[in-house]
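Colleague: Could you walk me through how the pieces of this protein pack against one another? I would like to follow your reasoning step by step.

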Amino acid sequence: MFTIYDWFGYQLPNKERFQLIKEAGFDGVLLWWSDGFGRDCFGQNDYRKGPQIAREAGLFIENIHAPVQSENNLWLDNLDGEIVTDCYLQCIADCAEFGIPTMVLHLPNEDNPCNTLGLDRIKRITEKAEQLGVNVAVENLWNLSNLAYVLDHVDSPRIGFCYDSGHHYRHYPKDDLLSMYGSRLMALHLHDNNGSYAQHGLPFDGTLDWSTIMKGIAGTDYSGATAIEAMNWDYKDLSVNEYLHKAFERAKRLETLKLRFEE
């Protein structure tokens, strides 16, 4: 199976966006679950309509990405901390309502180490996920100590790992994250480290060692989709159709590598 992050950089109505994703060969999408970052284009005004529109185009929803603007508030003993916790709890409820199996979550960064209150909030999130049958995949960014703390202290089949290849080699290139947390792998964000922001380029356009990455994924029990999380920041010369077909070709190359290591 092949999936792609739905907001890959072109301004398009959702109906057209999802149709083009399907026509390029993808089976599903990863949905951004917010109107943040100016993504409410064309006055669509409701990201909650995305699942229905995607399914009408013949795509399945692999996961949603929870909002990220306030992620560093999660450990704070104030109203801001409660607000972001309630936001994540609502995202879990939304997953259950819309039949989406997984929510991807950013934990606070290294400047904000987890505390007792933070762990209690993670346990509340875990309880909600267990009650509603939703997975919560915590993503690696510049947050390895917090990610490690949560995965080491929360023993639940509903709390797992979202592996992001670009963030891995940007922030912790010497750590073998897939060996460390591959047993709890629930989601993938595959992109290369080229581009204006040294991340979110199409695989094989940067310097990441994709043989090593896909061998690491093949060594886990992960059975989900090969998921592309690239942006068009440095592909503005490509039409949306050209970009999506190139992205799909790269996804197939990654899958071929993974299958080779599984044999």
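**Packing, residue by residue and helix by helix**

Modeller: Happy to, and please remember that this is a predicted model. Let us begin with Thr-226, which has its place in strand S8.

Colleague: Is Thr-226 buried or exposed?

Modeller: A residue counts as buried when its relative accessible area is under 20%. Thr-226 has a relative accessibility of 1%, so the class for Thr-226 is buried.

Colleague: Which residues does Thr-226 contact, leaving aside neighbours within four places in sequence?

Modeller: Thr-226 sits in strand S8, and its partners come from several parts of the sequence listed here. They are Met-1, Phe-2, Thr-3, Leu-190, Ala-251, Leu-254, Glu-255 and Lys-258.

Colleague: How many Å lie between Thr-226 and Ser-145, C-alpha to C-alpha?

Modeller: In sequence, Thr-226 and Ser-145 are 81 residues apart. In space, their C-alpha atoms are separated by 26 Å.

Colleague: Now to H9: which elements are among those that cover its buried residues?

Modeller: The buried residues of H9 include Val-240, Leu-244, Ala-251 and Leu-254. Among the elements covering the buried residues of H9 are strand S1 (2-5), H1, helix H8 (210-218) and strand S8 (226-228).

Colleague: What distance separates the end C-alpha atoms of H9, and what should its residues span?

Modeller: H9 has 23 residues, and at 1.5 Å a residue they should span 33 Å. The end C-alpha atoms agree with that, being apart by 33 Å.

Colleague: How is H1 oriented relative to H9?

Modeller: The axes of helix H1 (residues 14-24) and helix H9 (residues 240-262) come within 9 Å and cross at roughly 45°. An angle between 35 and 65 degrees falls outside the roughly parallel and roughly perpendicular ranges. That makes the orientation of H1 to H9 oblique.

Colleague: Which residues of H9 does H1 meet, and what hand does the crossing have?

Modeller: From H1, the residues involved are Leu-20, Ile-21, Glu-23 and Ala-24, and they meet Val-240, Asn-241, Leu-244, His-245 and Phe-248 in H9. By class, this contact divides into six nonpolar, two polar and one charged. H1 passes H9 in a crossing that is right-handed.

Colleague: And how is H8 oriented relative to H9?

Modeller: The axes of H8 and H9 come within 8 Å, crossing at roughly 55°. That angle makes the orientation of H8 to H9 oblique.

Colleague: Which residues of H9 take part in the contact with H8?

Modeller: H8 passes H9 in a right-handed crossing. On the H8 side the contact uses Trp-210, Ser-211, Met-214, Lys-215, Ile-217 and Ala-218, and on the H9 side Leu-254, Leu-257, Lys-258, Phe-261 and Glu-262.

Colleague: How is H3 oriented relative to H4?

Modeller: The axes of helix H3 (residues 79-98) and helix H4 (residues 116-132) come within 10 Å and cross at roughly 15°. Angles under 35 degrees count as roughly parallel. The orientation of H3 to H4 is therefore roughly parallel.

Colleague: One last residue: is Gln-199 buried or exposed?

Modeller: Gln-199 has its place in the loop between strand S7 (185-189) and H8. Its contacts include His-167, Arg-170 and Trp-233. With a relative accessibility of 12%, Gln-199 counts as buried.

Note on methods: Residues are numbered from 1 along each chain as its sequence is written. This is a predicted model: local features need pLDDT of at least 70, side-chain atom pairs count only at pLDDT 80 or more; totals for chains, interfaces and linings use all residues. Side-chain values use heavy atoms; hydrogens and water are left out. Axes are lines fitted to C-alpha atoms, for helices over the stretch in contact, and angles run from 0 to 180 degrees between N-to-C directions. Helices (H or I, at least four residues) and strands (E, at least two) are DSSP runs, numbered from the N terminus. Angles under 35 degrees count as roughly parallel, over 145 as roughly antiparallel, 65 to 115 as roughly perpendicular and the rest as oblique. A crossing is left-handed if the near helix is turned anticlockwise from the far one by less than a right angle, and right-handed if clockwise. Contact means heavy atoms within 4.5 Å. Ala, Val, Leu, Ile, Met, Phe, Trp, Tyr, Cys and Pro count as nonpolar, Asp, Glu, Lys and Arg as charged, and the others, Gly among them, as polar. The expected span of a helix is 1.5 Å times one less than its number of residues. Buried means under 20% relative accessible area, exposed over 50%, partly exposed in between (1.4 Å probe, protein chains only).
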